[in-house]
Structure formats: structure tokens, C-alpha cells
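Subject: Structure handover, aromatic rings

Hello,

Here is the structure for you to look through. My notes on its aromatic rings come after it.

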Amino acid sequence: MSVFTYKSFNGERDKLLLKIVAVFLALYFAFGISFFSASAESVRESVVRLHVLANSDSQVDQAVKLRVRDALLRTNASILSQGVTVENAEEYFEDSKQELLETVLKTLEDNGFYYGAHITLQKEYYETRKYGDLIFPAGEYTSLKVVLGEGKGKNWWCVMFPPLCIPVADDVRGDKEKTAEYLSPSGEKIVNGGEKYIVRFKILEIYEELRERLGV
């Protein structure tokens, strides 16, 4: 009789231990994903994306889209040298929209295109994206959206600020070391983390989608 009681006690004890372990694992996961989510959010808050939509998918429209991109990056590089920081980047792009639009229109006209363009600064959702050795997590970013003509063609996007666009034009080049200057230490770590964070980014997308659905 005592043997069965002892086995029963061990069974109950094992169940209790499993529950405790499960709770600790759940807490560890929750804290870990929360910290990773905060790091990803710090990246989103420090970055301005560039999103260029071509007029159409015709060969000529796609070609001029890339020329517009190159002109924008050159103009952006010269203006960024004026001391733009993470804190004032969004204000800079808002104030510089007209100058950037003039660059776009001139490039189009120089290449024989007169269908116009418009630029907006808005929040847009981007999927996890790799630029060279850098990986940026999915989520909503401030986006400089440039629509050429009817904007019905394939788009092109990169990181406008910090100036990390890849591919880039002429002497404007993406520099992995620049991330340390503009991102938080934890944000820099995940952006420079390479492929090892891809799975975490996917888990983060699921986690943040669930949070949004649950309103927490």
C-alpha cells in the first residue's frame, strides 16, 4: 500500500515540476521576445525607408525608375551632410520633399518623361528585408514614397536614412558601420545579425500580429 502511495506522490511531484518548468519557459520566452520586439521597434523608429513605384512595368519605365533612384540618392547624400540625426530625420524629409520632388521631375524630364510624380511621407508596412549583409525586421516604418506617373509598375525600396541604400548610385554607398552611429546597440545587433535572426524575425511577426489582434 505504501509503495503505491509513494509512486502516486512522485507522479504528482513530477507533474508539479513540469508545470513549474513550463511557467519558467513561458516567462523566459515572453521576456526574450519582448526584448527582441523592443529592439526591432527601436530600429523602425530610427529608419526612414525609400519606396519608388514606376509608372508601369515597361522596360523604359523601369529603367527611368532606377535613374530617379540614383538621382534621389545623390541629392539625399548631399543634404544629409548638413547634420541630420535620428531625432530630426522625419522632419528633414518632410521639409525636403519639395527639393526631392524637383530632383525626381528633372530626372524624368531629362530622360523624356513628362507624366509627373508625387512624394508623400507616410507609414508603410515592410516585410523583413535583406540589404547586402544588413537585415531589417518587418513592421511599420516612416516611408518616403515616390510615385512616378500612375505608379502601376514594380517598386523599388531601400533604407534612405541612415544612408544605407543598396544598390546605390555613384559614390553613394551603403556602409555597415554606419548602423552604430544611428541605431541603438540592441537595434544594431539585430540589423547586423545576418541569417541567424531570420527565424526570430518570423516569430516576432507572429507575436506582434497576435498582440495586435488581442489589443495588448
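The notes below cover the ring pairs and then the charges that sit over rings.

Please keep in mind that this is a predicted model. It holds 3 aromatic pairs, and two of them are described here.

One pair is formed by Phe113 and Tyr115. The ring centres are 5.6 Å apart, and the planes meet at 50 degrees, so this pair counts as tilted. An angle over 60 degrees would be needed for edge-to-face, and one under 30 for stacked. Phe113 is buried, because its relative accessibility of 16% is under the 20% cut-off. Tyr115, at 27%, counts as partly exposed.

Another pair joins Tyr126 and Tyr141. Here the centres lie 5.9 Å apart and the planes are at 90 degrees, so the pair is edge-to-face. This contact links distant parts of the chain: Tyr126 belongs to strand E2 (residues 117-126) and Tyr141 to strand E5 (residues 139-148), with the two 15 residues apart. Tyr126 has a relative accessibility of 5% and counts as buried. Tyr141 is buried as well, at 0%.

Tyr141 also has a charge over its ring: the charged end of Arg49 sits there, 4.4 Å from the ring centre. Tyr141 therefore takes part in the edge-to-face pair with Tyr126 and also lies under the charged end of Arg49.

A further charge of this kind involves Trp156. The charged end of Arg69 sits over the Trp156 ring, at 5.0 Å from its centre.

Regards

Technical notes:
Residues are numbered from 1 along each chain as its sequence is written. This is a predicted model: local features need pLDDT of at least 70, side-chain atom pairs count only at pLDDT 80 or more; totals for chains, interfaces and linings use all residues. Side-chain values use heavy atoms; hydrogens and water are left out. Rings of Phe, Tyr and Trp (its six-membered ring) pair if their centres lie within 6.5 Å; planes under 30 degrees apart count as stacked, over 60 as edge-to-face and the rest as tilted. Buried means under 20% relative accessible area, exposed over 50%, partly exposed in between (1.4 Å probe, protein chains only). Helices (H or I, at least four residues) and strands (E, at least two) are DSSP runs, numbered from the N terminus. A charge sits over a ring if NZ of Lys or CZ of Arg is within 6 Å of the ring centre and within 35 degrees of the ring normal.
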